[in-house]
Amino acid sequence: MLDILVALIAMGSGGGGDAAPEAATQALVAEEQVATGKFLTALEVKPILTATKGSWVAVRDYDGQDLVYVTHLWAWRCGLVQIEMAVNGGAFEVWPMPDCHVDSPTPGAITESDGLPYRSYAAGSVQQLDVRITYDDLSADTISVARQAVLMP
């Protein structure tokens with residue numbers, strides 16, 4: 001119960017960026033924001049992700065399917081608690097992220113055990129992506145991109 005109260009207080013305190021929707025953040029808890037020099041918190045990764053919104057996702061037409069990649073977000077996931085995506089105006093879905101490798105010199109590295117940072121869809125079916133990320137301070141940011149804007153050659 002205390003965790004939910006802390007999350008709701010953090011949502012109401014601003015914290016830079018848009019507050020994440022209440023339903024999506026009730027189970028999330030804000031983390032302490034301390035600069036580590038290892039890009040482990042929102043304090044450290046938010047400026048990077050804000051500056052690189054055009055790289056958050058990519059679409060690849062490959063082998064008769066559309067592959068939607070979240071590689072960039074996974075690389076900066078240590079300051080995130082959640083990634084959500086809506087395809088073609090549909091409902092937002094939580095996209096699982098691997099844990100951060102905090103004991104590694106490269107905590108955001110994507111290792112073989114992390115799985116693959118994409119999902120597949122029917123060829124040509126992905127026309128629009130809406131992405132919402134929730135930082136570990138419980139602030140959130142969103143983008144909406146058309147297929148052509150993030151289509152890989």
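**Close-up views of a predicted protein chain**

**View 1. A lysine placed over a tyrosine ring.** K46 lies over the face of Y135, and the distance to the ring centre is 5.1 Å. Keep in mind while browsing these views that this is a predicted model.

**View 2. The chain as a whole.** Stepping back for a moment, the protein chain has five helices and eight strands. Follow the sequence and you meet them in the order α-β-α-α-β-β-α-β-β-β-β-β-α. The protein chain has 153 residues, and 37% of them are buried. Take the contacts between residues at least 6 apart in sequence: 64% of these join residues at least 24 apart. As for the outside, the accessible surface comes to about 8000 Å², with 57% of that belonging to carbon and sulfur atoms.

**View 3. An aspartate in strand β3.** Here we zoom in on D66, which sits in strand β3, a stretch covering residues 65–69. Is D66 buried or exposed? D66 counts as buried, because its relative accessibility is 0% and the cut-off for buried is under 20%. A polar atom of the D66 side chain lies 3.0 Å from the backbone nitrogen of S125. Leaving aside residues up to four places away in sequence, D66 touches a whole list of others, including V59, R60 and D61. Also among them are R119, S120, Y121, A122, A123, G124, S125 and V126, along with R147.

**View 4. Two tyrosines, one aromatic pair.** The count of aromatic pairs comes to one. That pair is Y69 with Y118, and it is tilted: the rings are 5.1 Å apart centre to centre, with 45° between their planes. Y69 belongs to strand β3 and Y118 to strand β6 (residues 118–122), so the pair ties together parts that are 49 residues apart in sequence. How exposed is each partner? Y69 counts as buried because its relative accessibility is 15%, under the 20% cut-off. Y118, with a relative accessible area of 32%, is partly exposed.

**View 5. An arginine over a tryptophan ring.** R119 has its charged end over the ring of W95, 4.1 Å from the ring's centre. You have met this arginine already: R119 is one of the residues that D66 touches. To place it along the chain, strand β6 covers residues 118–122.

Notes. Residues are numbered from 1 along each chain as its sequence is written. This is a predicted model: local features need pLDDT of at least 70, side-chain atom pairs count only at pLDDT 80 or more; totals for chains, interfaces and linings use all residues. Side-chain values use heavy atoms; hydrogens and water are left out. Helices (H or I, at least four residues) and strands (E, at least two) are DSSP runs, numbered from the N terminus. Buried means under 20% relative accessible area, exposed over 50%, partly exposed in between (1.4 Å probe, protein chains only). Contact means heavy atoms within 4.5 Å. Accessible areas come from the Shrake-Rupley method with a 1.4 Å probe; for residues, only the protein chains shown count as cover. A polar contact is a pair of N or O atoms within 3.5 Å; within protein, one must be able to donate a hydrogen and the other to accept it, and residues adjacent in sequence count only if both atoms are side-chain atoms. Rings of Phe, Tyr and Trp (its six-membered ring) pair if their centres lie within 6.5 Å; planes under 30 degrees apart count as stacked, over 60 as edge-to-face and the rest as tilted. A charge sits over a ring if NZ of Lys or CZ of Arg is within 6 Å of the ring centre and within 35 degrees of the ring normal.
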